[in-house]
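Visitor: I should like to take a close look at a single part of this structure, namely its aromatic pairs. Please describe them with the terms explained.

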Amino acid sequence: MELNREHFRAIIFHNFRRGLSRQECFDELNSLYSDKAPSYSTVKNWYNEFNRGRCSIQDESRAGRPKSVVVPEKINAARELIKQDRHVTYREIEASLDISMTSINKILHEHLSVKKICSRWIPHNLTNAQKKARVDWCMEMLEKYIQGTSKAVYNIYTGDESWIYAYEPETKQQSTVWVFQDEAKPTKVVRGRSTSKQMIACFFGINGHVATVVLEQRRTVNSEWYTTICLPVVIGEIRKKQKNRRIILHHDNASSHTSTQTKAFLTERKIELMGHPPMVNDYEENKKANTEYINEVETINYNTNSINEENISAKLGG
C-alpha cells in the first residue's frame, strides 16, 4: 500500500505519544521508509502542533483561492477579456477574474500564447490593388537604376510637405495591445492632431538633408508657393557648387506637384521627374471620375435609344 501524508502524520503522532524525541522519530521513519519518509522539518512541525494540543492529522480548511485557478473557465474568461479590449492590463484581469498575477501570466503566455506589442503607425490603409501598384513601381525603379548601383542615384532628390504638430503623444506603453499567436501584427492610421501646427517642406538626397522650407502663416500649399518659393530654395542648395548639376526630382502626385505651372517650371530648370505611384486620394478621384463617366455614358445611351424609338415610330406612322 502506498503511504500518503496522513499515514505518516499518524505514525509521527504515535511516536509523539510513545515519548520519542523529534530526532528519534525522524531516524525511525528514515530507517523504515528511506527516501519516502517525511523530512526532519516536517516531523518537527508536527511535534510542535501536537505540543500545542492538536489532535487532528488532517489539513485544516483555509479561506482564500484554491491551489490552482488555471482552469478552462478562467482561461476562456481571460480570452474574452482580451478580445473585448486589446489594451486590458494585468490589474484589470486580476480584478475581473480574482486570480493572482502568477496565474494570469501562466494563462496568457502558456495557454493563450498571447504577447503585447505596439501597433505600427501607417499613413494610409491601402487596398491590394494600391499595394501592388507601389510594388510594381518599386520594381521598375530598381531595374531602371540597376538595383541602386547606378551613378544616377546621386542625382535623385526627394521631398514632401508635412504638418509639424504640437500635441500630447500616446506613449509606447499606452499603444501596446494583446495579440494572439495566429494574428498579424497590429497597425493604426496616424491619428488627428491639435490645431497647433506648422507646415514645412523637407528635401533629402543620398548624402542627407538638402533643405527645409517653411510655409509661413499657415497658408495652403499651391503651385504658386511650390514654384516661386519652395523649389527655388531647394534647387539653389543643390546647385550651389555646381550650377548645371543634374537633378532627378521625386515627389508625390499632389496637385501642386503635377500642375501645369509646376511642370513648366521643372522643364525650364531642366529638372527630371522620377515619377510616383498613385496616392490613395488619386485612386478615390479616379474611381469617382470613372463612376461619373459611366453614368454619363449610360445617360447618353438612354437618350439616344429614346430618340431612335421616336424616329422609328414617326416613320411607321405612329
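Guide: The following account concerns the aromatic rings. This is a predicted model, in which local features need pLDDT of at least 70 and side-chain atom pairs count only at pLDDT 80 or more, while totals for chains, interfaces and linings use all residues. Residues are numbered from 1 along each chain as its sequence is written, and side-chain values use heavy atoms, with hydrogens and water left out.

Rings of Phe, Tyr and Trp (its six-membered ring) pair if their centres lie within 6.5 Å; planes under 30 degrees apart count as stacked, over 60 as edge-to-face and the rest as tilted. By this rule there are 6 aromatic pairs. In one of them, Phe-26 and Tyr-40, the ring centres are 5.8 Å apart and the planes stand at 85 degrees, so the pair is edge-to-face. Phe-26 belongs to helix H2 (residues 22–33) and Tyr-40 to helix H3 (residues 40–51), so this pair ties together parts 14 residues apart in sequence. Helices here are DSSP runs (H or I, at least four residues), numbered from the N terminus.

Tyr-40 is partly exposed, with 33% relative accessibility; buried means under 20% relative accessible area, exposed over 50%, and partly exposed in between (1.4 Å probe, protein chains only).

Trp-46 and Phe-50 form a tilted pair, because their ring centres are 5.6 Å apart and their planes lie at 35 degrees. These two residues are 4 residues apart in helix H3, and therefore about one helical turn separates them. Both Trp-46 and Phe-50 are buried. Ring pairs also link Trp-46 and Phe-50 with Phe-13, Phe-16 and Tyr-47 in a cluster.
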